[in-house]
Amino acid sequence: MTRTTPPRPLDIAAVFPELAALARTTTRLHPRPGAPAVGESSVGGPLLWPVDEAWPVCEEEHEAHRPVGLEDVRTLRRILTAGWARSCAPGEDFLTPEERETVQRISAGRPAGALAAGPVPLIPVAQLYARDVPDLFCPEGTDLLQVLWCPFDHGDAYVPAVRLRWRRAADVQAVLMDPPRPEVVGSQYYVPAPCVLHPEQVVEYPAGDDLPEELRERIHAWEDQGEDARYQYDLSVAPGWKAGGWAAWWTFTDPWPFPLSCPCGAPVEPLLTLDGAEWDGGSGSWRPVEDTDVPGLPPYPSLNGPTQISIGRGYTLQVYRCTASAEHGAVTHMQ
Ligand SMILES: [Zn+2]
Ligand SMILES: [Zn+2]
C-alpha cells in the first residue's frame, strides 16, 4: 500500500514567496512492519552484504545500565504483539501468567556485567536502494546505502554509533546470509523492527533556525495573528524517517554547534533522519491518509511507531554526510 501525506493546510510559499527558493524535496520512507528481503529497501531488514567482505564491528568500550539480549527483544515484541491481538475480558490481563513473567524478566534487563568483552558486531538499521528513494544521496558509481549502528550509547550525546556503507548493488555476487550479531544490546529501543518501506517524496521548507532571521520573525508575527497551521509543525519539515530534505532544528536543543560540520571542516548535508514517531500526536497533519484508526486495531505495535526505535526521550537522530567526501563517515546529531 502506498502512503500519502495530506496536502499542507496552506501553501506557505504563497504567503512568503521568498520561501519558494528554499524549497527542498525529501523522501519520507514510511516504514511499516513487514518481512523485507535483501533485494529490497528496508528498515531493520537484511542487508545485501557480500559474503567476502568483513562484517563491521565496533571496537569501543561499552557500558550499559541494563543491557538486554538481542533475541530477548524479539521475544518480547512477539509476546506483546500476540497478547494485544487477543481479545480479553475487561479487567483481565492480556498476557498469560507465563508471558507476564517472561516480559518482566526481559524488561528488567541483564546485569551490567553481562556485556561480553571484545568487538560488537553492528546491526542493520536501514538499506536504501537509489531506485526507491529519489532524495537519497549516493556517491558516483553507487546505488545502495546501507546504514548500520552499534546498539550501545556512544559519545557525549549517548546515541548509537552510526556507520554508512555505499555500494553498487550489481557488484554483490554472493550474499552473506547469516551475519554476526551481538548477544546483547544497550537498549531494546536500539533494535529496529523489520519494516518494508513506502517511499513518498514531499516538499519541505527550512526549519526556523535555518531561515534568515528577518524572515523567521515575519513568519512568527504571521503565526501570532491566529493562524491555525504552525510553521514548525505543519508547514516546514516532515516528521518520521526520511532521506534528504531539511534538518529539523527544534525539538530538543538550540542548533548548537551550528552549523554542523565534518571533523575535516567541510559542511555537512542531511542524509537520513531516524525518528521514533512517524507523525506527532498533536495536529498530526503529516499522518498519511492510509493510516486511519481502525476500530479494534491493537494498540501495539503503535501505528505511528512502526520501527520501535526510540532516541533519547523521543527525539530524532539526524545523520549527515560530509560534502567533501563520502569516505568521512556519518556526523550524527540528536535533536
Ligand atoms: Zn560501540
Ligand atoms: Zn569531511
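**Close-ups of a sheet and two zinc sites**

**View 1. Six strands side by side in an open sheet.** In this predicted model, 6 strands line up as an open sheet, ordered S12-S1-S13-S14-S15-S16, and their pairing is antiparallel. At the edges sit strand S12 (200-204) and strand S16 (330-334), each of which pairs on one side only. Ignoring direction, neighbouring strands of this sheet are turned by 25 degrees against each other on average. As a reminder, strands of a sheet pair through backbone hydrogen bonds, and they can do so in parallel or antiparallel fashion.

**View 2. Zooming in on the pairing of S1 with S12.** Strand S1 (residues 24-28) and S12 run antiparallel, with 5 bridges joining them. One bridge to pick out is that of Arg-28, whose partner in S12 is Glu-200. S12, remember, is an edge strand, so look for pairing on one side only. 

**View 3. The zinc ion (ligand 2) and its four protein donors.** Cys-262 (SG), Cys-264 (SG), Cys-322 (SG) and His-328 (ND1) are the protein donors here, lying 2.1 to 2.3 Å from the zinc ion (ligand 2). The arrangement is tetrahedral because the 4 donor atoms subtend angles of 102 to 117 degrees. Along the chain, the donors follow the spacing C-x1-C-x57-C-x5-H. Two of these cysteines link distant parts of the chain: Cys-262 is in the loop between strand S13 (242-244) and strand S14 (268-275), while Cys-322 is in strand S15 (residues 316-322), 60 residues apart. Cys-262 counts as buried because its relative accessibility is 4%, and Cys-322 also counts as buried, at 3%. The cut-off for calling a residue buried is under 20% relative accessible area.

**View 4. The zinc ion (ligand 1), held by two cysteines and two histidines.** Around the zinc ion (ligand 1) you'll find Cys-58 (SG), His-62 (NE2), Cys-150 (SG) and His-154 (NE2), coordinating at 2.0 to 2.3 Å. This site is tetrahedral too, with angles of 96 to 117 degrees among its 4 donor atoms. In sequence, its donor residues are spaced C-x3-H-x87-C-x3-H. Cys-58 lies in strand S4 (residues 57-58) and Cys-150 in strand S8 (residues 144-154), so this pair ties together parts that are 92 residues apart in sequence. Both Cys-58 and Cys-150 are buried.

Note on methods:
Residues are numbered from 1 along each chain as its sequence is written. Chains are lettered from A and ligands numbered from 1 in the order in which they are written. This is a predicted model: local features need pLDDT of at least 70, side-chain atom pairs count only at pLDDT 80 or more; totals for chains, interfaces and linings use all residues. Side-chain values use heavy atoms; hydrogens and water are left out. Donors are N, O and S atoms within 2.8 Å of the metal (3.2 Å for Na, K and Ca); water is not among the atoms, so sites may look incomplete. Four donors count as tetrahedral if all angles lie between 85 and 135 degrees; four count as square planar and six as octahedral if opposite donors are over 155 degrees apart and all others between 65 and 115; anything else is irregular. Helices (H or I, at least four residues) and strands (E, at least two) are DSSP runs, numbered from the N terminus. Buried means under 20% relative accessible area, exposed over 50%, partly exposed in between (1.4 Å probe, protein chains only). Two strands pair if DSSP finds at least two bridges between them. Axes are lines fitted to C-alpha atoms, for helices over the stretch in contact, and angles run from 0 to 180 degrees between N-to-C directions.
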